[in-house]
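Please load the model in your viewer, with the sequence panel open beside it, and keep a selection tool at hand. The stops below are meant to be taken in order.

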Amino acid sequence: YLLMFCKLPGSVWISSEVKGLNDDCEHFEIFPPGHLYSSKQGGFKRWYNPPWFSEVIPSVPYDPLALRKAFEKAVIKRLMTDVPFGVLLSGGLDSSLVAAVTVRHLAGTKAAKRWGTKLHSFCVGLEGSPDLKAAKEVANYLGTMHHEFTFTVQDGIDAIEDVIYHTETYDVTTIRASTPMFLMSRKIKSLGVKMVISGEGSDEIFGGYLYFHKAPNKEELHRETCQKIKALHQYDCLRANKATSAWGLEARVPFLDKEFINEAMSIDPEWKMIRPDLGRIEKWMLRKAFDDEEQPFLPKHILYRQKEQFSDGVGYSWIDGLKAHAESNVTDKMMSNAKFIYPHNTPTTKEAYCYRMIFERFFPQNSAILTVPGGPSVACSTAKAVEWDAQWSGNLDPSGRAALGVHLSAYEQEHLPATIMAGTSKKPRMIEV
């Protein structure tokens with residue numbers, strides 16, 4: 001996860017949070033992942049340098065069984081625990097596979113002898129959200145002790161300041177997803193659970209985000225997945241770590257096991273390409289590896305459920321509610337002056353402006369502002385991938401519903417930004433919540 005580094009005369013300070021340094025250090029920066037710091041040499045040295053890091057296009061043939069075994073090994077490794085634990089289950093592919101593999105291998109572990117063979121699963125969402133429905137179905141299929149938590153849009157809005165304080169970011173998609181996870185973590189910890197296994201990392205490794213539908217070739221896709229993995233400490237890993245640890249809850253992520261990453265990233269990326277003509281949807285390679293007819297891990301429709309970003313899956317009205325809240329708190333005049341007030345990573349939406357104001361109230365130092373990444377993004381893409389499709393490049397929203405023509409519940413025409421509304425200069429209509 002994200003570490004901070006500060007060098008002072010005669011000493012070096014390292015902290016897992018900005019809060020540990022911002023009162024005493026005027027200048028600090030991100031401790032680069034995969035590095036060690038030598039006080040003798042006075043600099044950083046990379047120690048984690050896997051084969052995929054060079055972004056050379058791999059050519060190993062796809063072996064579904066080898067991929068499955070590598071993931072099962074990664075999950076089993078994370079069942080070594082002496083505290084009460086469970087799994088985060090959204091009902092999507094990644095968390096469902098984590099739960100399915102855990103259920104299958106839990107019985108023979110020391111953890112099962114101490115805490116029982118009944119796995120606890122946890123889900124959060126707005127009333128009637130896609131995730132709650134899918135998670136309940138998966139939990140019933142796997143036989144877990146399922147805990148379902150609901151929140152309202154107002155509950156989430158009330159928690160935004162705490163979320164920004166703990167996650168130390170003003171990135172829009174991270175805050176959108178961190179808020180429900182933050183609320184859920186509090187309730188999980190109140191039950192006495194101290195560790196959860198989660199599904200972060202799969203989308204970055206296998207090209208699971210919906211914008212990968214527009215990847216022009218396997219070379220571009222592979223380079224994009226490499227860039228996404230390298231940036232995880234500023235996005236999904238930051239969210240998973242800080243939203244949970246704010247309440248003293250530990251999150252473990254088997255998809256980011258180093259051996260599993262090496263296995264998955266060594267496979268020819270042609271197998272990760274989304275090919276509707278061949279019946280391949282996003283993350284087809286992972287889905288196929290666990291498509292066992294004799295001993296099914298999951299129901300078919302769950303195994304092949306479309307990718308749903310966490311901030312969307314908790315309920316579509318969550319993001320719509322955040323936008324409406326920002327609309328009522330940030331004026332057009334404030335937006336017109338945004339480039340002067342926030343010259344670095346200038347907010348381009350009222351929602352982003354709202355989060356930036358809160359962030360700089362907690363962390364006004366320029367060093368803190370520079371720790372947060374920026375740039376255009378659609379459906380969680382990097383800035384480079386925005387170039388893959390002209391239509392998407394005019395719809396810069398990190399929500400998966402910005403993947404026009406791909407997401408089954410993509411934004412309606414009247415809700416799109418004015419930049420891509422054909423033949424009209426009207427502002428987008430806000431959705432009343």
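Does Asp332 count as buried, partly exposed or exposed, and at what relative accessibility? Asp332 counts as partly exposed because its relative accessibility is 44%, where buried means under 20% relative accessible area, exposed over 50%, and partly exposed in between, with a 1.4 Å probe and protein chains only.

Before moving on, note that this is a predicted model, in which local features need pLDDT of at least 70 and side-chain atom pairs count only at pLDDT 80 or more, while totals for chains, interfaces and linings use all residues. Residues are numbered from 1 along each chain as its sequence is written, and side-chain values use heavy atoms, with hydrogens and water left out.

**Salt bridges**

Keep Asp332 selected and add Lys350, with which Asp332 forms a salt bridge whose closest N and O atoms are 2.8 Å apart; a salt bridge here is a side-chain nitrogen of Lys or Arg within 4 Å of a carboxyl oxygen of Asp or Glu. The pair links distant parts of the chain, 18 residues apart, with Asp332 in helix α15 (residues 332-336) and Lys350 in helix α17 (residues 350-362). Helices (H or I, at least four residues) and strands (E, at least two) are DSSP runs, numbered from the N terminus. Lys350 is buried, at a relative accessible area of 14%.

Next select Glu168 and Lys242, another salt bridge, in which the closest N and O atoms are 2.8 Å apart. Glu168 sits in the loop between α5 (153-167) and α6 (172-190), whereas Lys242 belongs to helix α9 (residues 236-245), 74 residues apart. Both Glu168 and Lys242 are buried. Adding Glu17 and Lys19 to the selection shows one network, joined by salt bridges that share partners.

Then go to Asp292 and Arg68, whose closest N and O atoms are 3.3 Å apart in a further salt bridge. This pair spans 224 residues, from Arg68 in helix α1 (residues 64-77) to Asp292 in the loop between α11 (284-289) and α12 (300-303). Asp292 is buried at a relative accessible area of 16%, and Arg68 is also buried, at 14% relative accessibility. In total, the structure holds 27 salt bridges.

**Strands and crossover**

Finally, select strand β7 (residues 120-125) and strand β8 (residues 145-150), which pair in the parallel sense over six bridges; two strands pair if DSSP finds at least two bridges between them. Val124 has Phe149 in β8 as its bridge partner.

Within helix α4, select Asp131, which is buried with a relative accessible area of 3%. The C-alpha atoms of Asp131 and Ser90 are separated by 5.1 Å, although these residues lie 41 residues apart along the chain.
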